[in-house]
Amino acid sequence: ARGDHGSGGNRAGRSAQDVEVPVPPGTLVYDDDSGDLLADITAAGQRIVVCGGGRGGRGNAAFASPTVRAPRKAEDGRPGESRRLRFELKLMADVGLVGRPNAGKSTLLSVVSAARPKIAEYPFTTTEPHLGIVGVRELESFVLADIPGLIEGAHKGRGLGHRFLRHVQRARVLVYLIDITEEDPAAVQAELHRELEAFDTELAQRPAFVTLSKVDLLMEADLRQAKADIFDQPPLLISSVTGEGIEVWKHTANELIARAIESEREGEKGDET
């Protein structure tokens, strides 16, 4: 809105009220014409000015002098800024689940948190990202993000995952969740890593660990072990149906988060130095 005019008695016109647009933490604000990043809203209560309002012009009292007591002169006000904005949301999560469609990501999220994503037996059941808070021990928890499944070529636009990969860019830790019944789970993990690297090379370097899901479908211990032995680092084996390995999984994720936070703090100290 525009402000009010000045009035007699040297009274300035009232300024218009600010226009405030609430956005969730994790929102990036861009100038849509130039593409410049104007703000990165990462904390609750954070406020930024993306467009300044206009300034009122000086009234005739400002031009008075000993010789001209009642000047008939005034200035026009200056208009406020005008800008076309683009908002992009990147979810704020500690752990990001990465996997193929039907790897069991949504089921895991529903088991370890109160989130209730859609779960079904067909691919691409998850069509939007979901967040859940995972309790580890009393007064200790972390935020887990589930994004739609990735397929080969996702970074080029295949499937749905490419639309949501940005949501794991803020995750401190990544979990490669792979169905243990896959013919070659290690090849699946390598494929997922390539997709992340093609999307964002830095993202592919995040702390991560491999989890083989649906182990209840393979009761033979030797077959389970054979699937796990093909990885460079021993993966965690879990079943969201029976609960096997879930507590170990939560504590492993929590420990990696703590290390990542400590590394961030050390990096900040180094920058200050």
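This briefing describes the fold of one protein, moving from the whole chain to single residues.

The model is predicted, and the protein averages a pLDDT of 83, with 89% of the residues scoring at least 70. The protein has four helices and nine strands, and six of the strands form an open sheet. Of the 273 residues in the protein, 37% are buried.

**Overall picture**

- Read along the sequence, the helices and strands follow the pattern β-β-β-β-α-β-β-β-α-β-α-β-α.
- If one takes the contacts between residues at least 6 apart in sequence, 60% of them join residues that are at least 24 apart.
- The protein exposes about 16,600 Å², and carbon and sulfur atoms supply 48% of this area.
- Over residues 122-126 the pLDDT stays under 50, although the model has 18 contacts beyond four places in sequence for this stretch. Where pLDDT is low, the predicted coordinates should not be read in detail.

**The six-stranded sheet**

- The strands of the open sheet are arranged in the order 5-6-4-7-8-9, and their pairing is mixed.
- Strand 5 and strand 9 stand at the edges of this sheet, and each has a single partner strand, so one side of each is left without a neighbour in the sheet.
- Strand 4 (95-98) pairs with strand 6 (residues 140-146) in the parallel sense over three bridges, and four bridges join strand 4 to strand 7, again with the two strands running parallel.
- Individual residues show how these pairings are made: Gly96 has Ala145 in strand 6 as its bridge partner, Val95 stands opposite Leu144 in strand 6, and Leu97 has Val175 in strand 7 as its bridge partner.
- From strand 4, Val95 and Leu97 point one way while Gly96 and Val98 point the other way, and all of these residues are buried.

**Helices 1 and 2**

- Helix 1 (residues 105-112) has eight residues, of which six are buried, so this helix is largely enclosed by the rest of the structure. The buried residues are Lys105, Ser106, Leu108, Leu109, Ser110 and Val112.
- Helix 2 (residues 185-199) has 15 residues, which at 1.5 Å a residue should span 21 Å, and this agrees with its end C-alpha atoms, which are 21 Å apart.
- The buried residues of helix 2 are Pro185, Ala186, Val188, Gln189, Glu191, Leu192, Glu195 and Leu196, and what covers them includes strand 4, strand 7 (173-179), strand 8 (208-213) and helix 3 (221-229).

**Helix 3 and the loop after it**

- In helix 3, the buried residues are Arg224, Lys227 and Ala228. Seen down the axis of helix 3, these buried residues fall within an arc of 95°, so they line one face of the helix.
- On the other side of helix 3, Asp222 and Asp229 are exposed, whereas the buried residues of the helix pack against helix 2, strand 8 and strand 9 (236-237).
- Pro235 lies in the loop between helix 3 and strand 9, and it is buried because its relative accessible area is 9%, which is under the 20% limit for a buried residue.
- Not counting residues up to four places away in sequence, Pro235 touches Val210, Leu212 and Ala228. The C-alpha atoms of Pro235 and Thr211 are separated by 5.3 Å, although these two residues are 24 apart along the chain.

**Two loop residues with positive phi**

- Most residues other than glycine have a negative phi, which gives the background for the next two points.
- Leu139, in the loop between strand 5 (130-137) and strand 6, has a phi near 60°, a positive value in a residue other than glycine. Leu139 counts as exposed because its relative accessibility is 86%, and the cut-off for an exposed residue is over 50%.
- Lys214, found in the loop between strand 8 and helix 3, also has a positive phi near 60°. With a relative accessible area of 25%, Lys214 is partly exposed.

Key: Residues are numbered from 1 along each chain as its sequence is written. This is a predicted model: local features need pLDDT of at least 70, side-chain atom pairs count only at pLDDT 80 or more; totals for chains, interfaces and linings use all residues. Side-chain values use heavy atoms; hydrogens and water are left out. pLDDT is the predictor's confidence in each residue, from 0 to 100. Contact means heavy atoms within 4.5 Å. Buried means under 20% relative accessible area, exposed over 50%, partly exposed in between (1.4 Å probe, protein chains only). Accessible areas come from the Shrake-Rupley method with a 1.4 Å probe; for residues, only the protein chains shown count as cover. The expected span of a helix is 1.5 Å times one less than its number of residues. The arc is that of the directions from the helix axis to the C-beta atoms. Two strands pair if DSSP finds at least two bridges between them.
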